[in-house]
Amino acid sequence: MKAPDKYYDFEKDISGCGIFGVIHKKRGMIPGNMPIQAMTCMHDRGNGLGGGFAAYGIYPDHADKYCFHMMCDDNNAIEGSERLLRKYFDLHHFEPIPTRKILAIPNPPMFNRYFVTVPERPANEFAELPEEDYIVAVVMKINTTVPGAFVVSSGKNMGAFKGVGFPEEIADFFRLEEYSAYIWTGHNRFPTNTPGWWGGAHPFTILNWSIVHNGEISSYGINRRYLCEHDYLCTMMTDTEVVAYELDMLIRKHGLSWEMAAKCFAPPFWDEIERMDKDDKELYTTLRATYGPGMLNGPFAILVADNNRLMGLNDRIKLRPLLVAEKDDMIFMSSEESAVRDVCPDLDRVWMPKAGEPVIVDLED
Amino acid sequence: MAIKRKKKTLVAKRTYYKQFNEEIRALVKEGVNHFTIKECNGQRYIATAMEGDIKFDIHGVPGQDLGAFMRGPHIRIHNNAQDGVGNTMDAGRVIIEGMAGDVIGYAMRGGEIFIKNDVGYRVGIHMKAYMDHQPKIVVGGKAGDFLGEYMAGGIILLLGMFSDKPDSPIAGRSLGTGMHGGVIYVRGEVPEDQIGPGLHAQPVDSDDMKIIEELVKDYAKELKLDSKDILSENFVKIRPFSHRPYGNLYVAC
């Protein structure tokens with residue numbers, strides 16, 4: 001299940017991933033069938049080499065615990081990752097993630113989920129870390145030291161489900177029609193530069209953050225090195241992984257607002273900064289100078305979520321499509337309008353956001 | 001003399017685009033030349049590469065590359081359209097009664113695309129004209145960045161009237177960047193900062209106004225709008241500043 005050794009030798013192909021997200025502002029539970037059908041409508045934006053979903057609000061009974069979704073190639077990987085999880089955490093509950101055998105997915109890895117908390121007095125090398133940094137450190141430790149084991153998600157009351165297949169097949173495999181969530185994101189992959197393997201499918205996650213991405217992060221190399229200096233280690237061989245870790249670093253650790261993080265990803269052009277008033281000019285000059293290595297170059301339409309928000313963002317010259325639609329308490333974000341109309345034919349408003357301007361939707365509570 | 005219409009109504013719903021387009025093509029072979037498509041939802045390539053006097057009335061949102069490479073068909077979309085409408089189209093007409101996505105009329109070389117509301121980014125890029133083949137795009141709302149980028153011929157008319165974006169400038173950044181043929185007309189004014197390097201908005205002359213009036217009349221009739229209202233404002237034009245603006249970019253001169 002590992003990516004091939006010479007993954008960089010893969011030929012390029014035309015790209016066209018599909019993304020879809022929906023948030024219910026009053027935490028109304030949206031059945032899995034909605035995002036599944038929306039992704040099915042955009043079937044042809046992918047090529048069967050990656051599909052996935054993130055869902056928020058799916059583990060209300062364990063909402064105070066971190067849920068580790070583990071993907072393991074074999075029993076050794078399961079044993080190795082469990083050993084680490086037991087070493088670093090108080091383990092409250094664990095179970096296999098329910099799956100069903102389907103023809104489209106012949107040889108899947110094994111999936112388990114573990115509900116954990118950080119011990120009051122950890123006796124290990126991460127003992128000094130604040131709780132969330134501790135979680136991040138264990139995720140990095142598992143991903144880099146246990147052969148064949150990968151953390152698919154590690155947040156509270158949320159989870160990511162992903163793999164090699166079309167999104168509707170991955171949903172079928174993970175029985176996602178059995179879940180309801182107040183935020184869903186979905187992804188249909190058409191891998192271009194990196195291998196189509198299970199870990200490389202979207203969403204990418206860390207803690208409560210999740211991201212799905214249509215496009216290509218051409219600045220992956222510099223972003224990855226920048227993150228490495230801050231103890232985030234990229235192991236999934238897909239460019240989008242850097243966005244998940246940058247979100248965690250910029251917003252959680254450095255205290256930037258979501259808007260400012262979006263402006264680090266897609267900063268204003270220098271000629272625009274030149275025309276700004278004094279305060280904004282100073283702000284954006286400083287932001288670009290400070291977070292230059294965090295800037296995302298290349299085409300992207302991304303959907304970012306945590307437990308309380310959904311954000312859509314385009315690269316600053318809009319090289320990928322993104323549409324936003326509203327219906328009562330639900331906000332949709334999608335590569336194509338037809339995917340939204342398929343699951344919600346009557347919409348109050350539909351528009352395409354400006355390049356580089358984040359659309360941020362909060363829960364009302 | 002009006003040709004005899006043989007009509008057919010199809011309901012698209014979730015039919016896969018390949019099957020749906022095969023059905024349309026088979027019906028065209030049987031002589032159908034006026035299609036009403038109901039509940040269209042994301043089916044790609046409708047009317048793509050089709051030739052001749054065929055009418056399409058589309059209800060719902062059709063998918064990418066509608067009318068790409070087409071030569072002749074007349075398509076009316078009663079809702080919004082997605083990306084890539086009229087990609088490299090040769091002749092015919094597309095009327096969109098809502099908004100449209102990105103790269104509308106890419107490398108278009110003939111025919112007309114009339115959009116009632118806003119359009120996305122890169123509309124009309126690489127448009128070109130040959131002899132009496134003059135592609136024309138009219139946008140009733142506002143446009144995103146790169147409108148008419150690398151344009152080599154044809155006409156883009158931007159009205160900025162029927163927009164959902166009151167705070168946005170009428171056109172995005174880099175309007176007409178690198179254009180070396182054709183003309184972009186804008187109703188009212190366009191902020192100088194939005195126009196591509198080396199280009200300037202100039203006043204229109206009487207020859208321009210003739211072209212604009214004719215185009216607006218046609219546009220207003222198709223979309224049931226008041227052409228007098230549209231023509232009640234001044235227009236400016238953006239034309240290339242040289243035939244080959246980047247001809248000396250890579251060679252010493």
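Which residue in β18(A) is the bridge partner of Gly312(A)? Keep that one in mind, and I'll get to it in a moment. Before anything else, a reminder that we're looking at a predicted model.

Okay, let's start with the sheet in chain A. It's an open sheet with 5 strands, and the order goes β11-β12-β13-β14-β18, with antiparallel pairing. At the edges you'll find β11, residues 204–206, and β18, residues 359–362. Each of those has a single partner strand, so one side of each is left without a neighbour in the sheet. As for the twist, neighbouring strands here are turned by 15° against each other on average, ignoring direction.

Now, back to my question. Strand β14 of chain A covers residues 309–314, and it pairs with β18(A) in the antiparallel sense over 4 bridges. And the partner of Gly312(A) in β18(A) is Val359(A).

There's a helix here too. Helix α7 of chain A, residues 258–265, lies across β14 and β18 of that chain. Its direction is about 25° to β14(A).

Right, on to where the two chains touch. Chain A puts 16 residues into the contact, and chain B puts in 16 residues as well. On the chain A side, the elements giving two or more residues are α10, which is 337–343, and β17, which is 349–351. Of the elements on that side, α10(A) gives the most, with 5 residues. And what is the make-up by class of the side of chain A that touches chain B? We get 8 nonpolar, 1 polar and 7 charged residues.

That's my tour, thanks everyone.

Definitions and conventions:
Residues numbered from 1 in each chain as written. Chains lettered and ligands numbered in written order. Predicted model: local features only at pLDDT ≥ 70, side-chain atom pairs only at ≥ 80, totals over all residues. Contact = placed C-beta atoms within 7 Å. Nonpolar A, V, L, I, M, F, W, Y, C, P; charged D, E, K, R; others polar. Pairing = 2+ DSSP bridges. Axes fitted to C-alpha atoms, helices over the stretch in contact; angles between N-to-C directions.
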